[in-house]
Amino acid sequence: MAVKLRLKRFGRTHRPYFRITAVDSRDKRDGRVLEEVGTYDPDNKESSRQVSLNADRIRYWLSVGARPTETVQNLLKRNGIAPSK
């Protein structure tokens with residue numbers, strides 16, 4: 001089973017809110033998740049409150065082979081969590 005770290009969309013039209021989740025890569029974007037590891041609110045004015053991450057669990061998922069999507073990878077880099085290659 002290939003695991004991905006990806007965004008799961010919530011919120012209403014034109015007001016997105018995302019949860020960062022560990023998901024089986026074959027599941028739908030908003031389908032069943034293995035674990036929720038953070039949130040991302042792009043509309044929050046304070047950049048420090050836009051992203052909330054559970055760094056320990058993210059590092060665990062990366063260590064067992066989970067691959068972040070491009071957007072999640074950018075969020076992780078911005079917050080000091082470097083995905084291992």
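**Exercise 1.** Which residue is the bridge partner of F18 in strand 3?

*Solution.* In this predicted model, the bridge partner of F18 in strand 3 is Y40. The next step is to place this pair among the strand pairings: strand 2 (15-24) and strand 3 (35-40) pair in the antiparallel sense over five bridges. Moving on from strand 3, one finds that strand 3 and strand 4 also pair in the antiparallel sense, over three bridges, and that T39 has S52 in strand 4 as its bridge partner.

**Exercise 2.** Work out the order of the strands in the sheet, and explain why strand 4 and strand 5 each leave one side without a neighbour.

*Solution.* The sheet is open, with five strands in the order 4-3-2-1-5 and mixed pairing. Strand 4 (51-53) and strand 5 (67-68) stand at the edges with a single partner strand each, and therefore one side of each has no neighbour in the sheet. Further inside that order, strand 1 and strand 2 pair in the antiparallel sense over 10 bridges, with L5 opposite A22 in strand 2.

**Exercise 3.** Describe how the helices meet the sheet, and which residues touch the most other members of the largest nonpolar core.

*Solution.* Helix 1 lies across strands 1, 2, 3, 4 and 5, running at about 120° to strand 3. Helix 2 packs on the sheet and touches these five strands as well, its direction making about 95° with that of strand 1. The largest nonpolar core has 17 residues, of which L5, I58 and W61 touch the most other members. Apart from neighbours within four places in sequence, the contacts of W61 are V3, L5, A22, L34, E35, V37 and A66.

Definitions and conventions:
Residues are numbered from 1 along each chain as its sequence is written. This is a predicted model: local features need pLDDT of at least 70, side-chain atom pairs count only at pLDDT 80 or more; totals for chains, interfaces and linings use all residues. Side-chain values use heavy atoms; hydrogens and water are left out. A nonpolar core is a set of buried Ala, Val, Leu, Ile, Met, Phe, Trp, Tyr and Cys residues joined through side-chain atoms within 4.5 Å. Buried means under 20% relative accessible area, exposed over 50%, partly exposed in between (1.4 Å probe, protein chains only). Helices (H or I, at least four residues) and strands (E, at least two) are DSSP runs, numbered from the N terminus. Contact means heavy atoms within 4.5 Å. Two strands pair if DSSP finds at least two bridges between them. Axes are lines fitted to C-alpha atoms, for helices over the stretch in contact, and angles run from 0 to 180 degrees between N-to-C directions.
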